Amino acid sequence: MIILILLLALILRLWNLNQSLWLDEAAQAIESSQTVFVIWGYMQADFHPPLFNLLLHFWLSLGTGEAIMRALPLLFGLGSIVMTYFLAKELFNKKIALLTALLLSLNPFHIYYSQELRSYIVDSFLAVLSTYFLWKSLHKSKMWWVVFCLSLAVFFYTSYFAAFLLIAFGLFLIFQKEYRPAIKNFL
């Protein structure tokens with residue numbers, strides 16, 4: 001069933017994928033087409049962390065058409081649906097996980113940002129991924145804490161909003177008595 005939901009999500013996100021780039025997207029494509037050293041130089045003055053620019057830089061080796069460039073965020077959009085499914089399955093059950101994935105796949109904002117050549121959908125993916133790994137860390141072996149930390153570090157290299165998620169995670173652990181012992185691992 002999740003495969004059908006992902007197929008629906010893909011079809012909805014492929015619609016108008018090759019539309020012309022708007023100003024910020026075009027600037028993103030131009031910056032990312034430079035060498036890695038030039039991109040790093042741009043990032044010194046940019047208010048976005050460099051990971052998406054670097055990912056797009058290597059993705060551009062596949063082509064520079066609008067649809068090809070936008071396929072990168074599209075993949076992260078599909079990935080966020082998959083991770084939302086797995087997170088909801090961990091928290092609730094398979095039925096709720098399928099419904100959650102379906103609702104996210106139909107969400108107009110999610111569709112829009114899955115088609116935009118910016119890092120916002122990558123932020124969404126990494127937020128869900130980090131949340132999933134935190135949950136696994138709280139209920140499985142200590143190895144998951146390492147994976148959680150790595151996912152959060154990658155998120156910080158994509159968006160500074162990761163700091164707000166980190167604060168939310170900390171508050172969750174503080175206010176949920178059953179998880180307070182995990183604060184030491186979290187820190």
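Biologist: In which helix is the place of leucine 102?
Modeller: This is a predicted model, and leucine 102 is one residue that can be located in it by its helix. Helix α6 covers residues 94–106, and the place of leucine 102 is in this helix, α6.

Biologist: Is leucine 102 buried, partly exposed or exposed?
Modeller: A residue counts as buried under 20% relative accessible area and as exposed over 50%, with partly exposed in between. Leucine 102 has a relative accessible area of 29%, and therefore the class that applies to leucine 102 is partly exposed.

Biologist: Which residues does leucine 102 touch, not counting residues up to four places away in sequence?
Modeller: Leucine 102 has its place in helix α6, and residues up to four places away in sequence are not counted here. With those set aside, the residues that leucine 102 touches are Ile5 and Leu8.

Biologist: What distance separates the C-alpha atoms of leucine 4 and leucine 102?
Modeller: The place of leucine 4 is in helix α1, and leucine 4 counts as exposed, at 55% relative accessibility. Leucine 4 and leucine 102 are 98 residues apart along the chain, and their C-alpha atoms are separated by 9.4 Å.

Biologist: How far apart are the C-alpha atoms of leucine 102 and asparagine 18?
Modeller: Along the chain, leucine 102 and asparagine 18 are 84 residues apart. In space, the separation between the C-alpha atoms of leucine 102 and asparagine 18 is 24 Å.

Biologist: With which residue does arginine 70 meet in a salt bridge?
Modeller: The structure holds two salt bridges, and in one of them the side chain of arginine 70 takes part, with an N to O distance of 2.7 Å. The pair links distant parts of the chain, 45 residues apart, with arginine 70 in helix α5 (residues 66–91) and its partner in helix α2 (residues 23–32). Arginine 70 counts as buried because its relative accessibility is 2%, and the partner is buried too, with a relative accessible area of 1%. That partner is glutamate 25.

Biologist: What is the N to O distance in the salt bridge of lysine 136 and glutamate 90?
Modeller: Lysine 136 lies in helix α8 (residues 120–139) and glutamate 90 in helix α5, so this pair ties together parts that are 46 residues apart in sequence. Lysine 136 counts as buried at 10% relative accessibility, whereas glutamate 90 is partly exposed, with a relative accessible area of 31%. Their side chains meet in a salt bridge with an N to O distance of 3.1 Å.

Biologist: At which residue does α5 bend by about 35°?
Modeller: The end C-alpha atoms of α5 are 38 Å apart, which agrees with the span of 38 Å that its 26 residues should have. Within this helix there is nevertheless a bend of about 35°, and proline 73 follows within four residues of the bending position. The residue at which α5 bends is leucine 72.

Biologist: What relative accessible area does serine 114 have?
Modeller: The place of serine 114 is in helix α7 (residues 108–115). Leaving aside its neighbours within four places in sequence, serine 114 is in contact with Arg13, Arg70, Pro73, Leu74, Gly77 and Ile121. Serine 114 is buried, and its relative accessible area is 0%.

Biologist: Which phi value does asparagine 16 have?
Modeller: Most residues other than glycine have a negative phi. Asparagine 16 lies in the loop between α1 (2–14) and α2, where it is partly exposed, with a relative accessible area of 45%. Although asparagine 16 is not a glycine, its phi is positive, at about 65°.

Biologist: At roughly what angle do the axes of helix α9 and helix α10 cross?
Modeller: Phe148, Leu152, Phe155 and Phe156 in α9 meet Ala162, Ala163, Leu165, Leu166 and Phe169 in α10, and by class this contact has nine nonpolar, no polar and no charged residues. The axes of α9 (residues 143–156) and α10 (residues 162–175) come within 9 Å, and they cross at roughly 145°.

Technical notes
Residues are numbered from 1 along each chain as its sequence is written. This is a predicted model: local features need pLDDT of at least 70, side-chain atom pairs count only at pLDDT 80 or more; totals for chains, interfaces and linings use all residues. Side-chain values use heavy atoms; hydrogens and water are left out. Axes are lines fitted to C-alpha atoms, for helices over the stretch in contact, and angles run from 0 to 180 degrees between N-to-C directions. Helices (H or I, at least four residues) and strands (E, at least two) are DSSP runs, numbered from the N terminus. Contact means heavy atoms within 4.5 Å. Ala, Val, Leu, Ile, Met, Phe, Trp, Tyr, Cys and Pro count as nonpolar, Asp, Glu, Lys and Arg as charged, and the others, Gly among them, as polar. A salt bridge is a side-chain nitrogen of Lys or Arg within 4 Å of a carboxyl oxygen of Asp or Glu. Buried means under 20% relative accessible area, exposed over 50%, partly exposed in between (1.4 Å probe, protein chains only). The expected span of a helix is 1.5 Å times one less than its number of residues. The bend at a residue is the angle between axes fitted to the seven residues ending there and the seven starting there.
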